[in-house]
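Let's take a walk through this fold together, starting with its empty spaces and moving on to the chain around them. Have the picture ready and follow along.

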Amino acid sequence: MIIRPTPYDHPDAVKLEDAVQLEYAVRYGDEGDATPLDAGMFVPPLGLYLLVYDAEDRPVATGGWRTQDENDEGYANGDAELKRMYVIPEARGLGLARRVLAALEDDARAAGRTRMVLETGVMQPEAIALYESSGYEPCTKFGHYRLYENSRCFAKSLTRP
């Protein structure tokens, strides 16, 4: 497996974006994640978007982070927000999400971000388990879904060794 920085609007990224949106829609019975995103949010040093490719050069996993600072959606100065963590069903259980998460944390830390934050939902217990086992702790809700009951927000300091 190869992890590559890739633009958020690259055709392979769009393919996985469509797949994750479909999964969100099935799990939550709605239209998917309506959080506004654009490719410019993931351009270094303000963010990073990664794709994982298998041995046949097929995209199998994705994840990104974008800069956030204090605003009316509850973010704090120094935040890096994790977005679009996804592994296709056929590649789950291989540790890809954990590898992508670690790479994104390292990159956000190198960019001077002090805290990684993320929002997920109660219908994604495997995501919650990944984040909790990676040192993330529940935090005050923020972002597009901060007022939703089934939303869960987590944070992890990027300044601790």
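The largest pocket has a lining of 35 residues, and those nearest its centre are Tyr24, Met85, Thr120, Gln124 and Ala127. A pocket here is an open set of points on a 1 Å grid over the protein atoms alone, with protein on both sides within 12 Å along at least five of seven lines, and a residue counts as lining if it has an atom within 4 Å of a point. Keep in mind that this is a predicted model: local features need pLDDT of at least 70 and side-chain atom pairs count only at pLDDT 80 or more, while totals for chains, interfaces and linings use all residues. Residues are numbered from 1 along each chain as its sequence is written, and side-chain values use heavy atoms, with hydrogens and water left out.

Which elements give two or more residues to that lining? They are α1 (11-28), β4 (79-87), α2 (96-110), β5 (115-121) and α3 (125-133). These names come from DSSP runs, numbered from the N terminus: helices are H or I with at least four residues, strands are E with at least two. The top contributor is β4, which gives six residues. The pocket holds about 780 Å³ of space, where a volume is the space filled by probe spheres set on the points, and grid points are joined across faces, edges and corners. Sorted by class, its lining has 17 nonpolar, eight polar and 10 charged residues. For that sorting, Ala, Val, Leu, Ile, Met, Phe, Trp, Tyr, Cys and Pro are nonpolar, Asp, Glu, Lys and Arg are charged, and the others, Gly among them, are polar.

There's a closed space to find as well. A cavity is a set of points where a 1.4 Å probe fits but cannot get out, and the whole structure has one of 30 Å³ or more. It comes to about 40 Å³, and its lining includes Thr35, Tyr75, Glu81 and Phe142. Three nonpolar, three polar and three charged residues make up that lining.

Now back to α1. Its 18 residues reach 26 Å from first C-alpha to last, close to the 26 Å expected, the expected span being 1.5 Å times one less than the number of residues. Among its buried residues are Ala13, Leu16, Val20 and Tyr24; buried means under 20% relative accessible area, exposed over 50%, and partly exposed in between (1.4 Å probe, protein chains only). An α-helix has 3.6 residues a turn, so residues three or four places apart point the same way. The cover over the buried residues of α1 includes β2 (47-53), β3 (59-68) and β4, judged by contact, meaning heavy atoms within 4.5 Å. Right after α1 comes glycine 29, with a positive phi near 65°.

Further along, the backbone has a few quirks. Proline 44 and proline 45 are joined by a cis peptide bond, omega about 5°, and proline 45 sits in the loop between α1 and β2. Aspartate 57, in the loop between β2 and β3, has a positive phi near 65° without being a glycine. Arginine 84 also has a positive phi, about 55°, but its place is in strand β4.

Finally, why are there zero disulfides? A disulfide needs a pair of cysteine sulfur atoms within 2.5 Å, and the sulfur of cysteine 139 is 5.4 Å from its closest cysteine sulfur, in cysteine 153, so it is too far for a bond. Cysteine 139 is partly exposed at 22%, whereas cysteine 153 is buried at 4%.
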